[in-house]
Amino acid sequence: MVRLAATFLFISSLCFAQESTGPVLLSGIAGEKSSLTATSGSSAFMTIDELMYAKEIPPARTIQQAARQISGIFDDEVNKVRSIYSWIALHLTYDSAVIHNQVFTNQEAESVFSRRKAVCEGYANLFSAMCNSIGIESRMIIGYVKNDGGGQMKFPNHVWNSVKIKGRW
C-alpha cells in the first residue's frame, strides 16, 4: 500500500513540456494531451514500467552508474526519462513517518538512493540527479498540494520535476 501511494504521488509529480502551453502533467494515461505521444504512448510506458519493475540496482552503486544502467537500453530521451521515473516509483518507498510524525530525514539524492525511502522532495531530488547525470536537464519545482483542512498555506508543501526533452520543457 505504501509503495502504491508513493507511485501515485510520483506519477502526479512528473512534468513534461508541451508545445507553447507550458508544463502539463503526464501520467501515461492514453488520450492525455502531449506533444510526446508519438513515442510515449501508454503501451510503450507499460513495457518500460515492466522492465523497470525487475531492474535491481545495488545501493552501493553511484547515482550516475544507476541512471546509466536504468536508461542505457533506450535511445530516445522520452524513454530514458520514463525508465528513470519508473525505476524510482517502483523501487522507493514513501516515507510516511516523515509526514505523520514530523520526523524529518535527509532528502538529498544520495541519501534517498541509499535508503530507498523518501517523501516528494527526495523523489524529486533523486529524479533530477539521475536525469542530469545522463545529460537530460531536469529542474525541481516547489509548489503547493491542496490542503484538506482548507485555508491558506503559508509555505510550499510539495516538490516535483520538469524535464527538458528535445529542447523543450
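The following exchange concerns a predicted model and takes up its salt bridges, its largest nonpolar core and Glu 77.

Visitor: Which side chain meets Arg 82 in a salt bridge, and which helix holds that partner?
Guide: The side chain of Arg 82 pairs with that of Asp 49 at 2.7 Å, N to O. Arg 82 lies in helix 4, so the pair ties together parts that are 33 residues apart in sequence. The partner is Asp 49, in helix 2.

Visitor: Is Arg 82 buried or exposed?
Guide: Buried means under 20% relative accessible area. Because Arg 82 has 5% relative accessibility, it counts as buried.

Visitor: How many residues of the largest nonpolar core come from helix 4?
Guide: The core has 33 residues, and Trp 87, Ile 88, Leu 126 and Met 130 touch the most other members. Helices 2, 3, 4, 6 and 7 each supply at least two residues. The largest share comes from helix 4, with 8 residues.

Visitor: What does the side chain of Glu 77 reach at 2.6 Å?
Guide: Glu 77 lies in helix 4. Leaving aside neighbours within four places in sequence, Glu 77 is in contact with Ile 136, Lys 164, Ile 165 and Lys 166. At 2.6 Å, its side chain reaches the backbone nitrogen of Lys 166.

Visitor: How many residues apart are Lys 164 and Glu 137?
Guide: Their side chains meet in a salt bridge at 3.9 Å, N to O. Lys 164 sits in the segment after strand 6, and Glu 137 in the loop between helix 7 and strand 5. The two are 27 residues apart.

Key:
Residues are numbered from 1 along each chain as its sequence is written. This is a predicted model: local features need pLDDT of at least 70, side-chain atom pairs count only at pLDDT 80 or more; totals for chains, interfaces and linings use all residues. Side-chain values use heavy atoms; hydrogens and water are left out. Helices (H or I, at least four residues) and strands (E, at least two) are DSSP runs, numbered from the N terminus. Contact means heavy atoms within 4.5 Å. A polar contact is a pair of N or O atoms within 3.5 Å; within protein, one must be able to donate a hydrogen and the other to accept it, and residues adjacent in sequence count only if both atoms are side-chain atoms. A nonpolar core is a set of buried Ala, Val, Leu, Ile, Met, Phe, Trp, Tyr and Cys residues joined through side-chain atoms within 4.5 Å. Buried means under 20% relative accessible area, exposed over 50%, partly exposed in between (1.4 Å probe, protein chains only). A salt bridge is a side-chain nitrogen of Lys or Arg within 4 Å of a carboxyl oxygen of Asp or Glu.
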